[in-house]
There are 2 protein chains.
Amino acid sequence: MTSNLSSPTVSSAGEAALIDRIRRRATVSSAWVTLGIGDDAAVLEPARGALDVLTTDALVEGVHFRRDWTPPRAIGHKALAVNLSDLAAMGATPRAALLNLALPAELPLRDFDELVDGFLTLADAVKMPLVGGNLTRSPGPLMLDVTAVGTAHRRRLLTRSGGRPGDELFLTGSIGAAAAGMRLLADSARRDDLGPVDRECVSRYERPDAQLECGIQIGRNRGASACVDLSDGLGDAARQIAAASHTGVVIEAGLVPLHAGAVAWAERHHLDSLEFSMAGGEDYELLFAIRPRQRRGFLSVAGRCRAAVTRIGRLTTEPGAWLERSGRLEPLVQGFSHF
Amino acid sequence: MTSNLSSPTVSSAGEAALIDRIRRRATVSSAWVTLGIGDDAAVLEPARGALDVLTTDALVEGVHFRRDWTPPRAIGHKALAVNLSDLAAMGATPRAALLNLALPAELPLRDFDELVDGFLTLADAVKMPLVGGNLTRSPGPLMLDVTAVGTAHRRRLLTRSGGRPGDELFLTGSIGAAAAGMRLLADSARRDDLGPVDRECVSRYERPDAQLECGIQIGRNRGASACVDLSDGLGDAARQIAAASHTGVVIEAGLVPLHAGAVAWAERHHLDSLEFSMAGGEDYELLFAIRPRQRRGFLSVAGRCRAAVTRIGRLTTEPGAWLERSGRLEPLVQGFSHF
């Protein structure tokens, strides 16, 4: 083991010291945490009369991020945000997080601290104590594996499977910004040279915001028949909701809100901006299926939580997943595959 | 992407097909699983009047296992077993598991299937449905990251912190077999050449058994004041229980049960067999602190769940962690560090 005194690494610090650094930072607790970091397992008091909601998602260096593109604080933020997006899509309120880190031995201790800080700053913002986890050395990429625990009442849970033919599809926000942001970083443009719209794209890629409040409020008000998040792109999300609900789905091309940065990037590269934005993924918006009688309530709740929502399509009796463009149906693009 | 028809890889199969292969294998469900694999998150009904117990642990290729030493089925088994050991140490009954896999693109599909089968065979045996997870490509090592969810009643929970000076320490089983097993594989002895004791060591290393029944029964009967599992060695476990309980600890060298294979390996290599066995780790036995008045009940419950338990030391008022050997105290070895 080599040690560089001017820039200490996680390897020179040692496991116990690393755990201690996390513990000192993870100061937020909650009434429902019976046992947090420091025993063989964490212990939580379940929410009374409610269900446990559990999800896990990983960020892998070289697949989901590059350390030379993205600052450690943003990596820590994103590792939690992608899990919050899953809770949001269930209408679940966050309760606790577990953080599993596989660390290259040469990772600077400063990067480790910032990564943990990025994670905990977001966790604190959503009142989600870090209750446990695991540290191990990685002989290859840096990996962050998060398990998020939430809670939702049974009748207020949002699932993918509750859609019916005739439901309208509504999308929060816009799509394509994260895909453009990643490509802007890949083009290795100096950040200082980017205009405000491009900078926002980079920020959406690096530090996505989960639509947590919107998911929770729509769930609480039983304002939607189905919901899914957009981690692997709008095309994939629409297919998922249709498959789980045993319906077909049509997305209306002219209605899909595209981020201005995505449109600009696609045009600069002579690509179809809709296809570019739909295939890109990582937008972490929510896609809702809404019964006609839910429409009014849905829009009212969405307005209260300041979510911009747009009707972009419908669930159909006829099977299949289609994009309706200029009056013609074409097959919806496949989502991002990790293999 | 290259594809070898004679030996398909996870990369040639694709993400959706891999998830489908897991789903087809994960057929066991339970009354408390409201939503399993296939939505944005899993949903569980908490056990009535009980607490949620959550733990996560990872196996990383090149750190915790080597694919050329250990068959995929054993890797899958062990990834769950190390988490079950944490539940056992809390006295928690398993309820559900999440499996997060980072897969090298060239991993043969057959190995993937066997890995999942190894995981699910153990999960089924302990009635623990696989309710969710995540698949991603790994540009480096194969990684398995498991989150185990269990449940325990508040007053039946085992923690590390309940020990008091005067408590006796009892250990399940014996130590050193896993350490010897790993070294036997490292010496690349052909398995067929190994005698029965050495083969058992390899098996303890590759396919550890968590002391689940023992942990649950001792917890239920409130038969111990503190408990910890031995993942990082007996020295580390004893230090953990003492630190959490604010006591000192003395292990009596002459009482520690060593596995015959560990003794044989240490003697062949001119090592002190006790030191070798204590430093090795990966034994996944349980270490209990027992009040004098609990002793009888503890031994009776341990007998009922057919756990061999041995008194090996005591918690003390004087601080520090010591090994008592030939009437003299020497500092207890440090546990295995992952960095």
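This is the transcript of a short group-meeting talk on a predicted model with chains A and B.

Hi everyone, and thanks for coming. Please keep in mind throughout that what you have in front of you is a predicted model. I'll begin with chain A as a whole, then turn to the pairing of the chains, and finish with a handful of individual residues.

So, the overall picture. Chain A contains 11 helices and 13 strands. Along the principal axes, its C-alpha atoms fill a box of roughly 65 × 55 × 35 Å. How does the radius of gyration of chain A sit with that of a compact globule? For 339 residues the expectation is near 20 Å, and chain A comes out at 21 Å, so the two agree.

The inside of the chain fits into this picture too. Of the 339 residues in chain A, 58% are buried. If we take the contacts in chain A with a separation of 6 or more, 84% of them join residues that are 24 or more positions apart. On the outside, chain A exposes about 13600 Å², with carbon and sulfur atoms supplying 48% of that area. As for charge, chain A carries 38 positive and 40 negative charges, and the mean positions of the two sets are 7 Å apart.

Now to the pairing. A turn of 180 degrees, with a shift of 0.0 Å along the axis, lays chain A on chain B with an RMSD of 0.0 Å. The two copies are therefore related as by a two-fold rotation axis. Which residue of chain A has its C-alpha nearest that axis? That would be G140(A), at 2.6 Å from the axis. Both copies use the same surface, too: 100% of the contact residues of chain A recur in chain B.

A nice residue to look at here is D52(B), which you'll find in strand β3 (residues 51-60) of chain B. With a relative accessibility of 4%, D52(B) counts as buried, because the cut-off for that is under 20%. Leaving out residues up to four places away in sequence, D52(B) touches A42(A), V43(A), L44(A), P46(A) and D52(A) in chain A, along with P46(B) and G150(B) in its own chain. Notice that D52(A) is on that list, so to speak: D52(B) touches its namesake in the other chain. For a sense of distance, the C-alpha atoms of D52(B) and T317(B) are 265 residues apart along the chain and separated by 33 Å.

Next, a helix I'd like you to find: α7 of chain A, residues 212-220. Is α7 of chain A mostly enclosed or mostly open? Since 7 of its 9 residues are buried, α7 is largely enclosed by the rest of the structure. The buried residues are L212(A), C214(A), G215(A), I216(A), Q217(A), I218(A) and G219(A). Their cover includes two helices, α3 (72-90) and α11, and the strands β4 (93-104), β7 (168-172) and β10, all of chain A. Just after α7(A) comes R222(A), with a positive phi of about 50 degrees.

That brings me to two further positive phi values in chain A. Y284(A) has a phi of about 55 degrees although it is not a glycine, and R306(A), also not a glycine, has a positive phi of about 55 degrees. Where do they lie? Y284(A) is in the loop between α10 (273-280) and β10 (286-290), while R306(A) is in the loop between α11 (295-304) and β11 (309-316). Their surroundings contrast: Y284(A) counts as buried at 6% relative accessibility, whereas R306(A) counts as exposed at 79%.

Last stop, two loop residues in chain B. L255(B) sits in the loop between β9 (248-252) and α9 (260-268), and L255(B) is partly exposed, with a relative accessible area of 30%. Not counting residues up to four places away in sequence, L255(B) touches T310(B), R311(B) and I312(B). L255(B) and I312(B) are 57 residues apart in sequence, yet 5.0 Å apart in space, C-alpha to C-alpha.

P319(B) is in the loop between β11 (309-316) and β12 (321-325) of chain B, and P319(B) counts as exposed at 66% relative accessibility. From P319(B) to G280(B) there are 39 residues along the chain, and their C-alpha atoms are separated by 24 Å.

That's the tour; I'm happy to take questions.

How values were computed. Residues are numbered from 1 along each chain as its sequence is written. Chains are lettered from A and ligands numbered from 1 in the order in which they are written. This is a predicted model: local features need pLDDT of at least 70, side-chain atom pairs count only at pLDDT 80 or more; totals for chains, interfaces and linings use all residues. Side-chain values use heavy atoms; hydrogens and water are left out. Helices (H or I, at least four residues) and strands (E, at least two) are DSSP runs, numbered from the N terminus. The radius of gyration is taken over C-alpha atoms; the globule rule is 2.2 Å times the number of residues to the power 0.38. Buried means under 20% relative accessible area, exposed over 50%, partly exposed in between (1.4 Å probe, protein chains only). Contact means heavy atoms within 4.5 Å. Accessible areas come from the Shrake-Rupley method with a 1.4 Å probe; for residues, only the protein chains shown count as cover. Lys and Arg count as positive and Asp and Glu as negative; His and the chain ends are not counted. The place of a charge is taken as NZ of Lys, CZ of Arg, CG of Asp or CD of Glu. Copies are superposed by least squares on the C-alpha atoms of residues with pLDDT of at least 70 in both.
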